[in-house]
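Subject: Structure for you to look at

Dear colleague,

I am passing on the structure that follows, together with my notes on what was found in it. Please read the notes with the structure open beside them.

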Amino acid sequence: MAATIRPRREACNLGPIARIPLGEGRTFQIGGVSVAVFHTRQHKVFATQGACPHCAAPLADGIVGAGKVVCPFHGCRFDLATGEPVGSACRPLETYPVFLSETGDILLSEIHSLCGTVR
Ligand code: FES
């Protein structure tokens, strides 16, 4: 099931990837930061800012496919790996390094200092 397994010493554990069905995303609130985690049908995991830079739509509710997410409000597409918009003038997304542990937990490594307040 797991695609990229690269354990990190200091990472925020967001729980089992099995909670996110293939082809979907989920929003996590980490401190004051909204993060969208996506689980692609190719069993890859990506993390971006939670809200679309256009009008703050919840990106985790967008359609996921071909390594991209389509914003659920107005249809801007973003590359999940780079955050870059695809075919639109939207601003790029912030992306976060995310990995899976050996046991399939989602590990977010860049904003671990906020981990005490994951919701
Ligand atoms: S809110 Fe995402 S494209 Fe408009």
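To begin with one pair of strands, β3 and β4 pair in the antiparallel sense over five bridges, where strands are DSSP runs (E, at least two residues; helices are H or I, at least four) numbered from the N terminus, and two strands pair if DSSP finds at least two bridges between them. Within this pairing, V35 has Q49 of β4 as its bridge partner.

Two remarks on the source belong here. This is a predicted model, in which local features need pLDDT of at least 70 and side-chain atom pairs count only at pLDDT 80 or more, whereas totals for chains, interfaces and linings use all residues. Residues are numbered from 1 along each chain as its sequence is written.

As for the chain overall, the secondary structure comes to 11 strands and zero helices. Buried residues make up 30% of its 119 residues; a residue is buried if 20 or more other C-beta atoms, placed from the backbone, lie within 10 Å of its own, exposed if 12 or fewer, and partly exposed in between.

The pair described above belongs to an open sheet of four strands with the order β2-β3-β4-β9 and antiparallel pairing, in which the edge strands β2 (24–30) and β9 (95–96) each pair on one side only. Another open sheet of four strands, also with antiparallel pairing, has the order β5-β6-β7-β8. There, β5 (63–65) and β8 (85–86) each have a single partner strand, so one side of each is left without a neighbour in the sheet. β5 pairs with β6 (residues 68–70) in the antiparallel sense over three bridges, and V64 has V69 in β6 as its bridge partner.

The largest nonpolar core (buried Ala, Val, Leu, Ile, Met, Phe, Trp, Tyr and Cys residues joined through C-beta atoms within 7 Å) has 28 residues, and V37, F38 and V45 are among those with the most contacts inside it. At least two residues of this core come from each of β1 (12–16), β3 (33–39), β4 (45–49), β10 (98–100) and β11 (105–108), and the largest share, four residues, is supplied by β3.

Finally, F46 lies in strand β4 and counts as buried because it has 26 C-beta neighbours inside 10 Å. Leaving aside neighbours within four places in sequence, F46 is in contact (C-beta atoms, placed from the backbone, within 7 Å) with F38, L80, A81 and V98. The C-alpha atoms of F46 and A81 are separated by 6.6 Å, although these residues are 35 residues apart along the chain.

With best wishes

Technical notes. Two residues are in contact if their C-beta atoms, placed from the backbone, lie within 7 Å.
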